[in-house]
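Colleague: I'm a first-year student and I'd like a close look at a single part of this model. Could you start from one residue and then work outwards?

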Amino acid sequence: MVAGSVSNEVLSQVAPERLWEAIVKDSPNLMPKLLPELVSSIVILEGDGGVGTIRQSNFTSDSLPTEEVTKEIMGGMTGMFKAIEGYLLANPGAYA
């Protein structure tokens, strides 16, 4: 099991409200759809999806949890953000 945190700043062409809806509120549905090679599922362990909710991200078996892979995953957060941003740009009605 890998635990950690990452902080990154990325400029986006999508409104913050739409990004919040997609990334935070609907991540259990959207992330496995957009990145099936990386994310097998996201499960809400506690809460209703609002503030204080605890989620567990389950990565595919191809994402071996070595230190090197963990660094790649943390660095890949920007890639996940860009995948969501691309989806929202291509689907202007989604999360509007």
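In which segment does V10 lie?

Modeller: V10 lies in the segment before α1. Before we go on, keep in mind that this is a predicted model: local features need pLDDT of at least 70, side-chain atom pairs count only at pLDDT 80 or more, and totals for chains, interfaces and linings use all residues. Residues are numbered from 1 along each chain as its sequence is written, and side-chain values use heavy atoms, leaving out hydrogens and water.

Back to V10. With a relative accessible area of 28%, V10 is partly exposed; that label sits between buried (under 20%) and exposed (over 50%), worked out with a 1.4 Å probe and protein chains only. If we leave aside neighbours within four places in sequence, V10 is in contact with T78, F81 and K82, where contact means heavy atoms within 4.5 Å. Take F81: V10 and F81 are 71 residues apart along the chain, yet their C-alpha atoms are separated by 8.3 Å. That kind of long reach turns up across the chain, where residues 24 or more positions apart account for 53% of the contacts with a separation of 6 or more.

One of those partners, K82, leads us into helix α4. The side chains of K82 and E85 meet in a salt bridge, 3.1 Å from N to O. By salt bridge I mean a side-chain nitrogen of Lys or Arg within 4 Å of a carboxyl oxygen of Asp or Glu. Why can those two side chains meet? K82 and E85 are 3 residues apart in α4, so about one helical turn separates them. K82 is partly exposed at 38% relative accessibility, whereas E85 is buried at 5%.

A search of the whole structure finds 2 salt bridges, and α1 holds one between E21 and K25. There the distance is 3.6 Å, N to O, and the two residues are 4 residues apart, about one turn of the helix. E21 is partly exposed at 30%, and K25 is partly exposed too, at 48%.

Now let's see how the elements fit together. The chain has 4 helices and 2 strands, in the order α-α-β-β-α-α from the N terminus on. Helices (H or I, at least four residues) and strands (E, at least two) are DSSP runs, numbered from the N terminus.

Helix α1 buries R18, L19 and A22. Seen down the axis of α1, these fall within an arc of 100 degrees, so they line one face of the helix; the arc is taken from the directions that run from the helix axis to the C-beta atoms. The face turned away from that buried side carries the exposed residues P16 and E17. What covers the buried residues of α1 includes α2 and α4.

Helix α2, residues 27-34, buries S27, L30, M31 and P32. Those residues pack against α1 (16-25), β1 (39-46), β2 (54-59) and α4 (77-90).

Next comes the inside. The largest nonpolar core has 14 residues, and those with the most contacts inside it are L19, M31, V39, M80, I84 and L88. The elements that give two or more residues to this core are α1, α2, β1 and α4, and α4 gives the largest share, 4 residues. Such a core is a set of buried Ala, Val, Leu, Ile, Met, Phe, Trp, Tyr and Cys residues joined through side-chain atoms within 4.5 Å. For a taste of the crowd around one member, try V39: beyond its neighbours within four places in sequence, V39 is in contact with M31, P32, N58, F59, T60 and M80.

What about the outside? The accessible surface of the chain comes to about 6500 Å², 56% of it belonging to carbon and sulfur atoms. Areas like this come from the Shrake-Rupley method with a 1.4 Å probe, and for residues only the protein chains shown count as cover. V43, L45 and I54 form a nonpolar surface patch with about 240 Å² of accessible area together. Patches take residues with over 30% relative accessible area and no salt bridge, joining like charges within 9 Å and nonpolar side chains (Val, Leu, Ile, Met, Phe, Trp, Tyr) within 5 Å. L45 lies in strand β1 and is exposed at 53%.
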